[in-house]
Amino acid sequence: MSNATLTPKGPSTLRAASLPKWFAWAVAAGSIVLGLGISAAAGLESSIQWALIAGILFVLGSFAIAARVEGKRQAKDRLATSLVWVAFMLAVLPLASLVWETISRGVKVLDVYFLTHSMGVVATSQPGGGIYHAILGTLEQVGIAAVISVPIGVLTAIYLVEYGRGRLAKAVTFFVDVMTGIPSIVAGLFILSTWILILDMGPSGFAGAMALTILMLPVVVRSTEEMLKLVPNELREASLALGVPKWRTILKIVLPTAIGGITTGVMLAIARIAGETAPVLLLVWGSNYINTNPFSDPQASLPMYIYLQFQQSSGSGAAYDRAWAASLTLIAFIMILNLAARGIARWKAPR
């Protein structure tokens, strides 16, 4: 057989037809235009409606064109990718809309004066005033809750991971799981019935901090427990093989290795309780004046301040603007905590 009979007469390729890289963007742009046109023709005024129409057109258009050009197998892959992108946009758009609405409304009165003055001499219907007393109360209440819950939570997690065996460990794990799902109002009612009604201690920032501690504690335990489980057992075994006591191994090897993740969990737990309103409403009551003593008399907080301003604004006026500005401040506070958690986690991550 000669070589001529083995040589193919024309060029051959195993590469099937494929769409260009800009195909998805083109389909997305076309879907948006068609969605706007259909919404305008049907008289739909809601942006959510045309966004859903555009998403459906994007998914169907990507699948139909890809099936015709690239085949059904590649079309199914593009269908899955399109569904993921549409789901991502549906999740991001409400969040972006919320942040934009808060920023656009909150910057009206947010300035240095607003951050450094209280509502002590300002009527609700009058402009002016600020949130200094609410920021101070939030920092004190959240700080006390963190001081109480972080040591207890970290030590509980160490017990469950390093020492916990038998019925006691199972019972602790069960109650931590139960506490994770406790509504904030239940924690507030528990402290209300014991601290205020039975012990007759009166409303204070410390009472609110105890309710926040109940909400923060299971988050700290769970996050710390998962971080400790990620520490390789080889590190523990190497330390124990050198004759180092177990407590010293935990203190010098396990905790430094997991400190980044533990710090992140603590920061996220603090961010979780910083916006709680129900316990503060029941236990702290709120105040228009500066109260630096969290152990006596009602005290303000940012969530309570926002609630009271919205309640007293009747949908307009100076109180309405102050409520939006306080909401923006609270969002900024939580964002700073999350960024700090990410920075500490990256800084303390094992090399």
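The largest pocket of this predicted model is lined by 30 residues. Gly55, Trp85, Val86, Met89 and Leu93 lie nearest its centre. The space in this pocket comes to about 950 Å³. Three elements give two or more residues to the lining: α2 (23–42), α3 (47–69) and α4 (72–106). Of these, α4 gives the most, with 13 residues. By class, 20 lining residues of the largest pocket are nonpolar. Eight others are polar, and two are charged.

Enclosed space was examined next. Rolling a probe the size of a water molecule over the atoms shows where empty space is left. The structure holds one cavity of 30 Å³ or more. The volume of the largest cavity is about 40 Å³. Its lining consists of Thr138, Gln141, Val142, Leu212, Ile273, Ala274, Glu276, Val280, Ser301 and Pro303. Both α6 (132–163) and α11 (246–274) supply at least two residues of this lining. The largest share, three residues, comes from α6. Six residues of the cavity lining are nonpolar, three are polar and one is charged.

Nonpolar packing was considered last. In soluble globular proteins, nonpolar side chains tend to be buried together. Here, the largest nonpolar core has 43 residues. Ile191, Met216, Leu228 and Leu283 touch the most other members. Two or more residues of this core come from each of α6, α8 (184–198), α9 (205–229), α11, α12 (278–283) and α14 (318–347). The most come from α11, which gives 12 residues. Two helices thus named for the cavity lining, α6 and α11, also appear among the elements of the core.

The contacts of Ile191 give a local view of the core. Residues up to four places away in sequence are not counted here. Ile191 touches Ile196, Ala207, Met210, Ala211 and Ile214. Leu283 is a further contact of Ile191, and both residues belong to the group that touches the most other core members. A second core is separate from the largest one. This second core has 12 residues, including Phe114, Val122, Ile131 and Leu302.

Taken together, the pocket and the cavity draw on named helices as follows. In the lining of the largest pocket, α4 is the leading contributor. In the lining of the largest cavity, that place falls to α6. In the largest nonpolar core, α11 gives the most residues.

Notes: Residues numbered from 1 in each chain as written. Predicted model: local features only at pLDDT ≥ 70, side-chain atom pairs only at ≥ 80, totals over all residues. Heavy atoms only, no water. 1 Å grid on protein atoms, 1.4 Å probe; cavity = no way out; pocket = protein on both sides within 12 Å on 5 of 7 lines; lining within 4 Å. Points joined across faces, edges and corners; volume = space filled by probe spheres on them. Helix = DSSP H or I, 4+ residues; strand = E, 2+ residues; numbered from the N terminus. Nonpolar A, V, L, I, M, F, W, Y, C, P; charged D, E, K, R; others polar. Core = buried A, V, L, I, M, F, W, Y, C linked by side-chain atoms within 4.5 Å. Buried < 20%, exposed > 50% of the residue type's maximum accessible area, 1.4 Å probe, protein only. Contact = heavy atoms within 4.5 Å.
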